[in-house]
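Here's a walk through one chain, from its overall layout down to a couple of individual residues. Have the model open as you read.

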Amino acid sequence: LLPLASKLGNAQNKIWVGVLLSSLLFALTHLVNLTHQALLITLLQILSAFSIGILLSAIYLRTGSILFSFLVHGSQDFIATYTNGGTSINKVTSLDLLPVVIFIISGIWMLRKSQRVNIKQPIRE
């Protein structure tokens with residue numbers, strides 16, 4: 001989705017259009033969780049998915065390989081499942097937003113203007 005979504009941007013912003021749009025689509029797939037859990041929990045998962053989508057996009061662009069993104073996503077899912085005991089969480093705390101902030105800041109840091117020369121997976125015209 002990232003390369004496709006990037007085509008909606010112009011030369012100056014195509015990377016960020018691709019990153020944000022593909023992250024949003026990835027996040028919206030978590031709406032299906034509304035079938036078995038509360039709205040607030042689902043919204044937190046959507047926000048979390050959006051933020052890790054930014055980080056996974058940055059990792060993909062910087063490494064040139066989807067493998068590293070798969071590994072980070074798998075690790076994040078494993079940790080989330082392990083820390084929740086394999087069940088859905090029942091309440092949302094401010095601590096639940098910490099990974100969201102870390103993922104967004106990390107993704108922005110990796111794709112900041114001065115680091116764009118390090119992108120190994122270019123977005124083709």
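## Overall layout

Going along the sequence, the pattern reads α-α-α-α-α. That's five helices and zero strands. Keep in mind that this is a predicted model.

Of the chain's 125 residues, 32% count as buried. The accessible surface adds up to about 7900 Å², and carbon and sulfur atoms account for 69% of that. As for how the chain meets itself, take the contacts between residues at least 6 apart in sequence: 69% of them join residues at least 24 apart.

## The main nonpolar core

The largest nonpolar core has 15 residues, and the ones touching the most other members are I15, V19, L61 and L111. Which elements give two or more residues to this core? They are α2 (14-28), α3 (39-63) and α5 (98-110). The largest share comes from α3, with eight residues.

## The second largest pocket

Next up is the second largest pocket, with about 310 Å³ of space. It has 14 lining residues, and S22, G53, L56, S57 and I66 are the closest to its centre.

Four helices each put at least two residues into this lining: α1 (2-6), α2, α3 and α4 (66-83). What about the chemistry of the lining: how many of its residues are nonpolar, polar or charged? The split is eight nonpolar, six polar and no charged.

## R116, after the last helix

R116 sits in the segment after α5. Why does R116 count as partly exposed? Its relative accessibility is 25%, and partly exposed covers the range between the buried cut-off (under 20%) and the exposed one (over 50%), so R116 lands in that middle class.

Setting aside neighbours within four places in sequence, R116 is in contact with Q12, I15, W16 and L111. Two of those partners, I15 and L111, have already come up among the core residues that touch the most other members. L61 is on that core list too, and its C-alpha atom is 9.2 Å from that of R116, although the two residues are 55 apart along the chain.

## L34, in a loop

For a look at a loop, try L34, which lies between α2 and α3. L34 counts as partly exposed because its relative accessibility is 38%. Leaving out residues up to four places away in sequence, L34 touches L39 and T42.

Key: Residues numbered from 1 in each chain as written. Predicted model: local features only at pLDDT ≥ 70, side-chain atom pairs only at ≥ 80, totals over all residues. Heavy atoms only, no water. Buried < 20%, exposed > 50% of the residue type's maximum accessible area, 1.4 Å probe, protein only. Contact = heavy atoms within 4.5 Å. Areas by Shrake-Rupley, 256 points an atom, 1.4 Å probe, with all protein chains shown as cover. Core = buried A, V, L, I, M, F, W, Y, C linked by side-chain atoms within 4.5 Å. 1 Å grid on protein atoms, 1.4 Å probe; cavity = no way out; pocket = protein on both sides within 12 Å on 5 of 7 lines; lining within 4 Å. Points joined across faces, edges and corners; volume = space filled by probe spheres on them. Nonpolar A, V, L, I, M, F, W, Y, C, P; charged D, E, K, R; others polar.
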